[in-house]
Structure formats: structure tokens, C-alpha cells
Amino acid sequence: MLINRKNSIFGKERTRMKYFQYYIAFALLLIFLLITVFVYRSITDITVEPDNLRSADGRIYDLQDKETVYVGVISRFSPNLIYEGYQPIMNYLSQVTPYNFVLKLSNSYEKTILQLTEGDVQAAFLGTYIYLKARKDNPIRCILKPLNNNFEPYFRSVIVTRSDSPFHTISDLKEKKLALPSPLSFSGNWLPRYEFKKYGITINDLDSVHYFDHHHTVIYQVLRGNFDVGVVKDRVAYEFINKGIRFLASSEPIPGSPIVVKSDLDPAIVEAMQNALLQIDVRDPVYKEMLMNWDPEFAYGFTVARDEDYDHITSIIESLEDEL
Amino acid sequence: MIRAISLKARILILMGSIIIMLMLAIFISVMFQWRSLIIKNKLESSLLVTQTFSVSILDALIYPESGLLQNEGYLENHIHNFLKKNKGIQFILVYDQSGQIIVRSSYHGIRQFADELQTAGYSTNFEPISQIRKLDAYGWITEITLPLQIYGKSWGALKMGFDTEPTLINIKQLFFFLFTLTIVVAIIILMTIFYLTNHITKSLSQLVSEMNRFDLENDQPIRMKAGNDEIGVLVTNFVKMKQRLAQSKKQLLSAQRQIYHAEKLASIGRLASGVAHEINNPLNGIKNCLYAIDREPKNLKQTRNYLKLANEGLDHIAMIVQKLLGFSRQPSKQMANVDLNDDIEKVLSLLHYRLEKNNIEIVTELSENLPPIQADSNLIQEVVMNLLLNSLDSIETKGRIRIATGLKNDDIIFISITDNGCGIPEKYLDKIFDPFFTTKDEGKGTGLGLSVSLGIVEAHGGTITVDNHSGSETTFYINLPIRGVE
């Protein structure tokens with residue numbers, strides 16, 4: 001009897017154990033399913049909240065309550081390139097001077113001169129050639145000029161051709177196609193009207209000559225093979241070294257493209273601009289980093305420019321004028 | 001509670017839980033990692049497309065400033081052409097510097113974007129904003145809002161909305177793929193564990209079965225093959241243990257036989273006076289008969305009569321010697337059908353003299369319908385002898401011994417021996433079956449009688465219990481299975 005009761009208790013225990021196993025298995029399965037459902041809901045909600053809004057570099061470039069100085073730039077490059085290279089200069093000037101500096105673009109060299117003389121802009125980045133031409137008839141003066149990689153205030157015009165072209169000297173350029181930047185730029189005049197003379201070549205000896213709005217366009221045309229050679233300022237030519245372009249010849253050093261103001265511009269603005277740009281020390285890492293964003297022409301800083309600095313090349317310009 | 005579950009279930013539950021949780025953890029981490037990569041890739045590709053597209057938008061806004069391009073529908077045309085070729089882009093919006101929309105690809109569902117740039121407090125100088133959200137009009141959309149600016153000079157912002165439903169579908173597909181993979185791998189692992197556990201527990205069950213089958217009386221070879229694994233080692237050791245047990249059993253039996261014999265000899269010694277008297281009486285009768293014959297050799301009638309009496313006396317002596325020989329025979333546990341009542345009568349006849357001498361009344365209540373049982377008659381007689389001798393010793397002179405037999409149930413018969421002797425002190429009740437325990441004087445008992453009797457009864461599958469009736473009577477109960485030990 002006792003044994004039977006024991007058997008009965010043992011039987012119940014076995015049944016309870018069996019159910020307990022099922023409970024555990026069921027609980028585990030339930031947990032697995034719940035986690036899976038939770039994961040599914042989580043992964044299918046792909047909402048991504050926007051980051052906290054913040055200024056690109058922590059600075060506010062919005063116009064502050066300061067006097068605005070408009071600065072023109074001759075159309076030597078395409079507008080976006082001009083903004084890329086010159087807007088950081090405006091930002092810097094606005095930051096370190098009591099003025100807001102705002103770029104004002106134009107579609108031609110002459111229009112920038114007109115903007116300057118008519119007071120639409122108070123200062124302008126001009127080319128050496130257009131400056132020398134314009135200063136004769138307009139009340140403008142240069143205040144600053146950029147330094148090159150030797151920290152000299154000069155630039156050169158460079159004759160460029162494709163790396164695989166067979167031309168090596170200027171003499172080879174007879175009956176060839178020549179691409180030039182604006183006829184109001186030094187590079188647009190130096191080779192055909194000055195340098196060719198040394199080799200007894202005239203424009204008529206060439207197959208064709210074409211002027212383009214921007215220096216970069218000249219390079220692109222040469223690279224495309226539409227033109228055999230081109231002339232650009234060295235700052236542009238250096239961009240394309242090892243990118244299918246080689247130098248054929250270069251001009252003698254020419255005083256750098258000046259920053260020009262109207263003669264009667266408030267001296268305080270001129271002084272502020274000069275102080276701001278002359279204090280740049282390219283060896284200082286802070287300035288060095290800042291200059292990396294500026295147009296390469298201004299990567300080595302500035303020096304004071306005076307009208308007489310450009311006098312010695314007046315003869316060249318005048319010879320070009322004669323040609324005209 | 002967990003200990004109550006079978007080993008197989010425990011291993012399965014424990015390993016199963018660990019593996020499933022581990023697989024789940026791997027599945028979740030991989031899933032979220034891939035999801036994160038897919039979303040990141042979507043955001044980056046959308047940002048790249050927006051940045052690329054913004055170049056032309058920025059040009060279109062800058063060029064008119066320098067008079068190089070007249071923006072008369074140029075932006076709208078450009079945007080619509082772009083959308084035509086890129087079906088994955090849902091909308092394109094161009095904001096001016098004040099945050100007002102100046103160009104829009106569609107009026108559908110963009111009301112909420114109208115002043116969003118302003119109400120969100122955006123300045124015109126901000127980093128690209130990437131976000132993914134669900135819109136009623138478009139579903140899931142990746143929105144990239146990019147400032148149209150060059151070094152802080154701003155022309156407004158460009159917002160592009162990219163269809164992100166395919167990305168969500170990719171994520172869902174990935175989820176189901178990984179989920180299925182996880183389940184399949186988990187099932188394979190669990191099945192492997194189940195197989196291995198089953199193999200182990202099956203081997204253990206077989207071993208347990210072999211252990212249950214193990215009988216020292218009937219040494220059968222083990223049916224399991226000893227493999228090279230731990231179970232194999234267990235089986236090998238079980239076989240060795242079995243051999244050692246068999247050896248021990250042999251030695252034990254030998255020792256038991258010696259003890260039985262010693263105890264039997266002791267009993268015979270205690271019977272010696274009774275036997276001598278039993279033999280002496282007929283011998284005297286024979287002697288008297290021979291004397292009478294010798295005195296009257298011619299009296300043939302008397303001679304014949306006395307010879308008959310002498311012959312009867314010799315028969316009586318022969319019977320007593322026969323019984324004594326039968327009792328003193330070495331025990332061999334030869335199982336046969338035994339009539340218990342007959343065995344009891346035989347023992348009583350051996351004790352007849354001592355019972356009479358001590359003036360002890362024997363009351364027998366032997367059941368007439370007692371079936372024969374499977375037992376060794378000699379051993380059973382020895383047990384009865386030991387118990388009766390103990391009763392005799394406890395009574396000394398004048399008393400009563402009651403012997404009863406009967407059926408306890410269909411399977412068990414009982415023998416009870418009750419005496420009204422001095423009884424057993426309460427404090428000795430737990431010890432009386434211990435070997436060499438005796439309360440008798442030195443030389444009167446070996447202390448092995450009850451111990452040997454217990455061994456014999458248990459060897460027959462029976463039990464011995466004692467009932468001490470408050471010191472007035474003592475009863476020993478012997479229960480024996482009719483079919484013998486199985």
C-alpha cells in the first residue's frame with residue numbers, strides 16, 4: 001500500500017517535472033519571440049533625427065551693423081571660382097576690420113573699372129595690365145599687391161601646351177592655334193604683341209588666335225586639343241602641372257595684380273585693409289591654415305603697392321598699346 | 001526544482017537557452033550594425049548627390065550676379081530634367097537667403113516645408129542636415145538640406161528628398177534573412193545537442209538497465225559494448241566491480257557457511273544432553289532385554305518379544321542419530337518444496353527431552369492448509385531450532401512455548417514462536433540481531449543464533465521481527481515468501 005502511494009507520488013512528480021520542462025521551453029520561446037518583435041519594430045523605424053544645427057565653423061558671416069565696403073574682382077575666373085578664392089578674404093577683412101567687405105562680381109574687366117569709378121565698389125582686385133591702362137584716365141590708385149612663392153611682388157605669364165605636344169620653343173608656334181585670356185589682361189597681350197617680336201613672329205603667322213573670358217578656360221581649351229598653346233598667369237598654370245600641361249616659356253617678372261581703390265576713398269578704409277592684409281604672417285600656422293582657402297595668388301601674403309612700382313613695365317604696356 | 005528535471009532536459013534547456021540567447025545577441029548586433037551601415041550609406045549617397053547637384057544650382061544662382069546668365073526658368077528646367085532622370089528623388093526645393101522657397105519641383109505635400117527653414121531657426125550658415133523621416137505624402141524620405149554657400153557667403157539652401165522605402169525593404173529583407181539564418185543555425189545546434197545528449201543518456205540508461213539486471217546468483221555477461229568514451233570507461237569499471245562483487249559474494253558465502261556450521265555445532269552441543277538421554281533410554285531398554293534373554297534363553301516367546309523391543313529401541317536410536325545427522329549437515333541452500341510444519345515437528349522431536357526436562361509445555365497451532373514453500377529445509381530447521389533454544393533458555397523451568405504457522409496473505413506464510421520466559425529487555429531490542437550479541441552466561445551462547453537466523457530468513461526473501469509484550473511474552477515472527485526469493 002505504502003509502495004503504491006509512493007509510486008503515485010513519484011508519478012505526479014514526474015508529470016510535474018514534464019510540465020515544468022515545457023513551461024521553461026515555452027518561456028524561452030516567448031522571450032525569443034518578444035525580443036524578435038522588439039528588434040523588428042526597432043529596425044524598421046529608420047528615423048534619423050537631424051543633428052543640432054550649428055554654424056559651419058562657428059562664425060557668423062551675416063552682415064553685421066558695420067559700414068559695408070564693396071570689393072570688385074575682374075572676371076579673370078568663373079564666378080564660382082572667384083567666390084571660392086576671394087570670399088575667404090572678404091570674411092577675414094570683415095572679421096579684423098571695422099567694415100563689412102562684400103564681393104561684387106562683374107562680367108568683364110571694363111565693368112569692374114566702371115564699378116570702381118562710379119562708386120559701386122570701393123576697392124577692386126585688378127590685373128596689372130588693366131590697372132596700368134585704367135590709371136591713365138581714372139582716379140584710382142593701387143594699395144597692395146600679392147607676393148609670389150619667393151615672397152617677391154611679381155608674377156609671370158606662362159606659355160602652356162599639352163604635355164604630349166611636339167612644341168618646345170616659341171619658334172615652333174608658327175601657324176599654330178593660340179588661346180589667350182582677356183585682351184585686357186597682361187597674359188592676353190604679352191606673347192602675341194611683345195614676346196613674338198623677339199622671334200620674328202606676328203599674329204598673322206599663327207593659324208588662329210582666340211580670346212577667352214577666363215584663364216582657366218584657356219587651359220581647358222589647350223587640354224581639349226582645340227588650341228596648340230595658350231598663355232595664362234603662372235598662378236593658374238601651376239594648378240595644371242602634372243595634369244597634362246607643361247610650360248613652354250614664361251615672361252619676365254611682372255608686378256603682381258594690385259588691389260586698387262578709388263583715389264578719394266576714405267583713408268581709414270585703405271589703412272584698415274592694408275593693416276589687415278599686411279599683418280598676415282605666412283609662417284604662422286593660424287594664418288597658414290587660413291591662406292590655404294584663399295586664391296593661390298594670395299597664398300604668400302601682400303606687400304604695399306605704389307603706382308611707381310608699375311612704372312618700369314609701362315614701356316612694355318606702351319609697346320603693346322602701339323600694336324593696338 | 002531544476003534538479004528534479006531529467007539530465008537530458010536540463011542540458012537541452014541550459015544549452016538551448018545559452019545558444020539561443022547567444023545567437024539572438026549575434027543576430028541583433030549584426031542586424032543593427034548592417035542597418036546602421038545601410039542607413040549611413042543611404043545618407044552619404046544622398047548627401048553626395050545633393051552636394052553634386054548643388055554645384056550646378058549654386059552656379060545658376062551666382063552667374064546671374066555677374067551678368068553671365070539670365071536666370072529665367074533655368075533652375076526650374078534644370079531641376080525637372082534632373083528629376084526625370086532620377087526616379088528615386090521625390091522632391092527638390094531651393095530656398096533663398098531668407099529661408100523662403102524660390103524653386104520647388106512639386107507642390108505635392110510640401111506645404112510643411114514652406115517655412116520650415118525659418119521656423120526651425122536655421123541661419124543661412126549651417127552644415128548639411130541629413131535626416132530620415134516618414135511623410136504622409138511620400139512615405140519614408142531621406143532629406144538632405146544643404147546650404148548654398150561659399151565660405152560663409154550664402155545664396156540660400158537646397159533641400160532634396162530621396163525615396164527611402166527601398167532602403168527599408170532592404171533592411172526588412174536583411175532582417176528576415178538573418179532571422180531565418182539564426183533559427184536554422186540554432187535548430188541545427190540544438191538538434192546536435194539533442195543527438196549527443198540522447199546518445200549519452202541512452203548509454204547511461206542501458207548501463208542502469210544492466211545494473212538492474214545484475215544478479216550475483218545468475219552471472220550473465222553484460223550486453224553493452226564498452227566504447228572508447230567515458231561511458232565505455234564506466235561500463236568497463238562496472239564489469240570489474242561486478243567481478244569484485246562476485247568474488248566478495250563467494251568469500252561471504254564461505255564465511256557464512258563456516259558461521260552456520262559453528263552455530264550448528266554449538267546447537268548440537270546444547271542438544272547433547274537431550275540426545276544422550278534419548279539414546280540412553282532405549283539403550284537401557286535394550287540392555288534390560290538382553291539381560292532377560294540371557295537369563296531365560298529357552299523362553300523363545302519372551303526372547304522374541306524382547307528382541308522386538310530391542311529392535312524398536314535400536315530403531316529409535318537410529319532415528320535420533322538420523323535426525324541429528326540431518327541437522328548437523330553442512331548448509332548448502334538447496335531450494336525445494338518444504339513443508340514448514342514437518343520441519344517444525346522435526347526440530348521439536350530433537351528438543352523433546354529438554355522440553356520435558358524443563359517442564360515446558362509446547363502448544364502447536366500449525367495450520368493444516370499450509371502450502372509448501374520454496375526454501376532450504378535444513379536452514380529453516382536451523383532458524384526454528386535457534387528460536388526455540390532461545391525460548392528454552394529464557395524459560396529455564398516450567399513455562400509454555402506456543403508455535404503457530406499460517407498464511408499471512410496469498411504470497412506470505414508466517415511462523416510465530418511465543419514464550420512466556422524472561423523476555424528481552426527493551427534496551428536490547430535493537431541489538432539482538434547483531435552478531436556476537438548475547439546476554440547469556442559465558443559458554444552458554446555464541447551470540448550468533450539470531451544473527452544467523454536473520455541472515456537465513458533474509459536470504460529466503462523473508463523478515464524476522466520481535467514483539468516484546470510488556471515483558472510477559474516474547475514473540476518472534478518469521479514471514480517467508482511462498483515462492484521463495486526471486
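**Entry 1: S11 and S12.** I began with the pairing of S11(B) and strand S12 (residues 473–481) of chain B in this predicted model, and I found that the two run antiparallel and are joined by seven bridges. To fix the register I looked up Thr465(B), whose bridge partner in S12(B) is Tyr477(B).

**Entry 2: the sheet.** I then followed the pairing outward and noted an open sheet of five strands in chain B, ordered S7-S9-S10-S12-S11, with mixed pairing. At its edges I found strand S7 (360–365) and strand S11 (463–469) of chain B, each of which pairs on one side only. From one strand to the next, I recorded an average twist of 15°.

**Entry 3: helices on the sheet.** I looked next at helix H9 (residues 377–395) of chain B, which packs on the sheet and touches S7, strand S9 (399–407), strand S10 (412–419) and S12 of chain B, while its direction makes about 20° with that of S10(B). Helix H10 (residues 449–459) of chain B lies across S11 and S12 of chain B, and I noted that H10 runs at about 130° to S11(B).

**Entry 4: H1 and H2.** Finally I turned to helix H1 (residues 7–62) and helix H2 (residues 74–85) of chain B, whose axes come within 10 Å and cross at roughly 165°. Since angles over 145 degrees count as roughly antiparallel, I therefore describe H1(B) and H2(B) as roughly antiparallel to each other, and their crossing as right-handed. In the contact I listed Phe53(B), Ser56(B), Ile57(B) and Ala60(B) from H1(B), and Tyr74(B), Leu75(B), His78(B) and Phe82(B) from H2(B); by class, I noted six nonpolar, two polar and no charged residues.

How values were computed. Residues numbered from 1 in each chain as written. Chains lettered and ligands numbered in written order. Predicted model: local features only at pLDDT ≥ 70, side-chain atom pairs only at ≥ 80, totals over all residues. Pairing = 2+ DSSP bridges. Helix = DSSP H or I, 4+ residues; strand = E, 2+ residues; numbered from the N terminus. Axes fitted to C-alpha atoms, helices over the stretch in contact; angles between N-to-C directions. Contact = placed C-beta atoms within 7 Å. Parallel < 35°, antiparallel > 145°, perpendicular 65-115°, else oblique. Left-handed = near helix turned anticlockwise from the far one by under 90°. Nonpolar A, V, L, I, M, F, W, Y, C, P; charged D, E, K, R; others polar.
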